[in-house]
Structure formats: structure tokens, C-alpha cells
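The exercises that follow are meant to be worked with the sequence and the model open side by side. Each begins with a task and continues with a solution in steps.

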Amino acid sequence: MMRRYRLKVGEREFAIDVQEQTADRYAVSVGGEAYEVTLAEDANPSAVSIAPRPTVALPPSRPAVTAGGKGALTAPMPGVILEVKVKAGDAVERGQPVAVLDAMKMHNTIASPQTGVVAEVLVAAGQTVDHGELILKYRET
Amino acid sequence: MIDQRTLDLLLQGVANVSWQSLVMLAIACVLMYLAIVRDYEPLLLLPIAAGCLLANLPLSPLIAPEGMLRILYDVGVGNELFPLLIFIGIGALTDFGPLLENPRLVLLGAAGQFGIFLTLILALLLGFTQPEAASIGIIGAIDGPTSIYVSGILAPHMLGPITVAAYSYMSLVPIILPPVVRLLTTRRERQIRMPYRSRKISRRTRILFPIVVSVVVGILVPFATPLIGMLMLGNLMKESGVVERLTKASSTEIANTVTLFLGLAIGSTMVGADFLKKETLFILVLGLLAFILDGAAGVLFAKLLNGLSGGKVNPMIGAAGISAFPMAARVVQRMAHEEDFENYLLMHAMGANAAGQVASVVAGGVLLALMGAGG
């Protein structure tokens with residue numbers, strides 16, 4: 001479940017998106033900067049450890065449910081990206097493997113749903129992705 | 001000077017080699033080959049093969065009354081301790097999340113146990129006693145510890161072949177299940193897409209689940225209490241997250257140690273004259289049949305669900321309703337991927353598979369109850 005908070009600290013306003021990934025792990029985006037947050041102690045909300053993960057921005061709203069919506073590939077199920085086989089600028093064929101996703105301890109090859117050119121890869125190896133999270137975007141043709 | 005008596009004493013090993021023990025040594029070598037070269041469930045088959053080999057050497061002191069293999073058998077197999085300890089580890093490794101996200105899948109787990117009862121009837125017709133037939137039927141669940149548990153109570157003399165069958169077929173899931181699924185489904189059915197609907201399961205639900213299942217199953221099927229209780233204990237430890245050391249110990253150190261002891265002890269029951277009977281062959285064949293029927297029942301039931309839901313259920317996930325967790329679910333996912341690379345059935349199949357794990361335990365408990373075990 002995604003929650004959006006608007007916080008005002010002094011004069012500055014922040015838009016904070018919080019997505020629960022597991023009971024104690026959250027993906028948090030503060031003004032477009034993404035963080036992975038681990039809850040160290042449930043009863044004491046002050047003791048959370050925040051590790052910056054500046055590589056990826058969370059999708060702004062709840063992403064499309066089906067993989068391969070127009071111009072993008074999203075994670076078909078929750079898991080961990082083990083390998084990314086393409087980079088921005090690569091031409092891919094429909095059906096070509098672009099990433100390996102470990103879900104339920106099974107290695108799943110994620111294949112490109114369309115032929116095109118990769119505009120942007122939004123995940124890195126080792127990253128936890130939720131269902132529907134963007135993996136890559138295609139260049140507009 | 002060596003007299004005849006000294007010679008006899010020195011050569012009593014050679015003198016006691018029988019053709020049965022030679023055949024069993026050959027069988028042990030085949031099992032080792034399957035484990036080492038073919039990678040068929042090596043963690044269990046290798047110790048079983050070693051136990052079988054050591055027990056069939058002439059006059060093997062290992063299976064004498066104070067022999068190590070006999071002690072292992074008495075300590076953990078005869079009284080069902082080992083399969084129960086392994087179940088704690090399985091519970092600690094099982095993620096019931098996909099099942100909780102889609103509780104309908106529990107029906108597939110139930111359907112996946114149908115073959116057990118069909119096989120039981122067939123075994124009765126072939127002249128097995130009721131407890132023996134029940135022990136053979138449970139092979140169909142492809143759930144090793146449950147098979148060991150049930151047959152250990154009902155038909156301890158058949159423990160060896162039943163365990164070997166259960167674990168061999170477990171490793172053959174990727175070979176046996178796909179043709180069964182293909183035979184019963186059309187290409188169009190296999191291509192039905194089932195989008196994953198992420199429904200986050202709260203920590204509270206995940207923690208309550210093992211407790212509720214233990215209580216409900218324990219009240220309904222008391223004979224399943226040991227197995228379900230240990231399975232759910234492992235799961236509770238995992239989901240609670242407060243005893244990480246115990247969870248890790250159960251799913252690694254304890255499970256590994258017990259697997260070694262269990263394999264050796266089971267292997268040591270496979271002794272020449274007792275094993276080389278036509279009944280053993282029947283057990284292997286009937287066990288295979290039970291497995292196929294279980295898978296088929298799951299697929300057919302999923303087809304029914306598909307019809308009722310207006311084409312929204314891919315019948316292949318029914319095949320994951322047998323136990324064999326998580327192998328069966330992976331096989332289903334792989335088949336789906338081959339038919340349509342954009343179809344991801346894994347989470348649905350895992351849900352059905354986890355349901356099958358619970359259902360096979362319940363089926364085991366029901367069989368024990370029907371046979372009036374425990375007295």
C-alpha cells in the first residue's frame with residue numbers, strides 16, 4: 001500500500017511517499033529521492049535506519065498492474081533483481097531477456113514485452129522490487 | 001599353521017555374502033549414481049544409499065542391536081522424531097504469503113490429495129492390507145517427511161521402499177509433472193494469464209496464520225497435530241522474526257543433521273531379503289501412480305475453477321496442489337513461461353503449493369485416523 005504524506009518543516013514542504021514492502025521494510029521517496037528504510041524496532045519509530053539509495057526514483061503513483069504497459073516494463077511479481085542484461089540505448093527484441101528476477105527463490109528471466117530501444121533502466125542488481133515497480137522504460141518512437 | 005576354524009573366522013565376511021546382499025549393494029550404487037551424477041535429491045538419496053550399502057555388507061555390525069544405524073533408527077525413525085524435526089525446518093522455509101494473498105488456492109491443495117485415496121483403493125485390490133495401502137497412497141503427495149511419518153506408524157516394514165519412492169519421485173517432479181499437465185490441458189488453457197494482484201499481508205496475519213492453522217487442524221484431525229504443529233512452529237518462528245537464531249538453526253543446522261541421520265536410518269532398513277520382494281516393485285509403481293493421479297486431480301479441479309470463474313484460472317496451477325514444495329510451483333512457472341514469456345504464474349502456483357503442503361499433512365492425519373492408529 002502506498003501512502004503519501006505532505007510534511008512542512010519550517011518553510012520547506014516535502015512530499016513523502018511510503019510504500020510498505022514487507023512488515024519491516026519500506027520504500028520511501030522524499031521529494032523524488034528514494035530511500036530503503038528498515039524498521040529496527042516496531043514500537044519505537046525513532047530508531048529507523050535510513051540508507052540513501054539515490055539511484056532510483058519511485059514511480060509517482062501506483063503503477064500499472066500488467067507488465068509491458070505502453071513504453072515501460074514493470075516487475076511482474078515482488079522479488080530481488082539479480083541481473084540486468086541491458087542498458088540505456090540498447091536495442092531489444094520482443095522476447096529478449098532483459099533482467100533476472102529472484103522471486104520465491106526462483107530465478108525468473110524477465111523478457112522484453114516489445115521491440116524497441118531502452119531509454120532508461122530503473123533498477124540495479126541486488127535491488128528489491130515490488131510488484132508493478134518500473135524496471136525499464138523504452139524510448140518513444 | 002592356520003586351521004579350518006581360523007580360516008572360517010577370517011573369511012566369515014566372504015562366506016556370508018548372499019545374492020540378495022549383492023543385489024542390494026548394486027541398488028545402493030544406483031541410488032548413489034542418481035544422487036551424485038544425476039543430482040536427484042542428493043541430500044537425502046546419498047545418505048539413504050550409504051545406509052543401504054553399509055547395512056547390506058555381510059554381518060554388518062552397524063545394524064546389530066547396538067550398531068549405529070540401528071540406534072539412529074530407534075532414536076528418530078521408529079518413534080517419528082526425525083520427520084517431525086525436519087518439518088520445523090520446512091515450516092521455517094515456507095512462505096505462506098502467496099496463499100494468504102489468494103486463499104481460494106487452498107481448494108487446489110485439497111484437490112491435489114485426491115490421488116492418495118484412489119491409489120489406496122488400488123493397493124487394496126492388489127492385496128495390500130489397509131495400513132499398507134494407506135502408506136503407499138501417501139507417496140502421491142510427494143511429501144517425504146509425511147510419507148515417513150505415516151508409513152512409520154502404519155507399515156514400518158515398508159518404510160524403505162516408500163521413502164525411496166517419495167524422494168525419488170520428488171526429484172522427478174520436473175520430468176513427471178509436465179507431461180501429465182500437457183495431457184490434460186489445451187494450449188489455450190496453458191496460456192491463460194493470471195496477473196499477480198499484490199495484496200500486502202500484514203505481519204499480524206502472517207503470525208496468526210500458523211497459530212490458527214495449528215489449532216483448527218489439531219482439533220479437526222488430531223493425528224495431524226504432530227506434523228502440522230511442527231510445520232507451523234517453524235513458520236511462526238520465521239514470521240514472528242523474534243527468534244532468528246532458532247529459525248536459522250531449524251532450517252539449516254538441525255534440518256541438515258537430521259536429514260543425514262534420517263537418510264542413513266532409512267537406508268539401513270533396506271536389507272536384502274526384506275526389500276527384494278514383488279511388493280517393493282508394487283510400492284514403487286503404485287507410488288508413481290499416486291503421484292500422477294494427484295497431479296491430474298489438481299489440474300482437473302483447477303479446470304473446473306477455470307470454468308466457474310469464466311476463464312480466469314490457468315489449470316496448470318492445479319498441478320502445484322500436490323506437495324513437493326516448492327518444486328511443483330517452479331515447474332508450473334517454467335511451463336507457463338515456455339508457453340508465454342509474459343505470463344508469470346509463480347505466485348499463484350506457490351500459493352497452491354503451500355496449500356498442498358498443508359493438505360498433504362492433513363491427508364496423512366486423516367489416513368491415520370481412518371486406520372485407527374494410536375489406539
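## Exercise 1: the sheet that contains β11(A)

Task: starting from the pairing of β11(A) with strand β13 (residues 134–138) of chain A, reconstruct the sheet to which they belong.

Solution. β11(A) and β13(A) run antiparallel and are joined by three bridges, where strands are DSSP runs of E with at least two residues, helices are runs of H or I with at least four residues, both numbered from the N terminus, and two strands pair if DSSP finds at least two bridges between them. Within this pairing, A:Val121 has A:Leu136 of β13(A) as its bridge partner.

Before going further, note that this is a predicted model, in which local features need pLDDT of at least 70 and side-chain atom pairs count only at pLDDT 80 or more, while totals for chains, interfaces and linings use all residues. Residues are numbered from 1 along each chain as its sequence is written, chains are lettered from A and ligands numbered from 1 in the order in which they are written, and side-chain values use heavy atoms, with hydrogens and water left out.

Next, turn to the pairing of β11 (residues 116–121) with β8(A), which is antiparallel and rests on two bridges. Here A:Ala91 is bridged to A:Val117 of β11(A), and A:Val92 stands opposite A:Gly116.

Finally, put the strands in order: the sheet is open, has four strands and reads β6-β13-β11-β8 in chain A, with antiparallel pairing. Because β6 (72–74) and β8 (91–92) of chain A each have a single partner strand, they stand at the edges, and one side of each is left without a neighbour in the sheet.

## Exercise 2: a second sheet and its hairpin

Task: establish the strand order of the open sheet that includes β9(A) and β10(A), and find which residue of their hairpin takes a positive phi.

Solution. The order in chain A is β10-β9-β7-β12, with four strands in antiparallel pairing; the edge strands are β10 and β12, each of which pairs on one side only. At one end of this order, strand β7 (residues 79–84) of chain A pairs with β12(A) over two bridges in the antiparallel sense, and A:Gly79 has A:Val129 as its bridge partner there.

At the other end, six bridges join β9(A) to β10(A), with A:Ala103 opposite A:Met106. The loop between β9 (97–103) and β10 (106–111) holds A:Met104, and in this hairpin, which has two residues between the strands, A:Met104 is the residue with a positive phi, near 50°. As background, most residues other than glycine have a negative phi, and most peptide bonds are trans.

## Exercise 3: chain B on its own

Task: describe the secondary structure of chain B, compare its radius of gyration with that of a compact globule, and locate its cis peptide bond from B:Phe325 to B:Pro326.

Solution. Chain B has 21 helices and zero strands. For 375 residues a compact globule would have a radius of gyration near 21 Å, and the 22 Å of chain B agrees with this; the radius is taken over C-alpha atoms, and the rule is 2.2 Å times the number of residues to the power 0.38. The peptide bond from B:Phe325 to B:Pro326 is cis, with omega near -5°, and B:Pro326 is found in the loop between α19 (278–308) and α20 of chain B.

## Exercise 4: the interface of chains A and B

Task: characterise the contact between chain B and chain A, and identify the salt bridges across their interface.

Solution. Begin with the extent: 19 residues of chain B are in contact (heavy atoms within 4.5 Å) with 25 residues of chain A. The buried area, meaning the accessible area (1.4 Å probe) that two parts lose on being put together, summed over both, is about 1,900 Å², of which carbon and sulfur atoms give 63%. On the side of chain B, B:Lys200, B:Phe341 and B:Tyr344 lose the most area, together 33% of what that side buries.

Then consider the charged pairs. The rule, a side-chain nitrogen of Lys or Arg within 4 Å of a carboxyl oxygen of Asp or Glu, finds two salt bridges across the interface. A:Arg94 meets B:Glu342 at 2.8 Å, N to O, and A:Asp130 meets B:Lys200 at 3.2 Å, N to O. Since A:Asp130 lies in the loop between β12 (128–129) and β13 of chain A, and B:Lys200 in the loop between α14 (187–190) and α15 (203–220) of chain B, the pair joins two chains.
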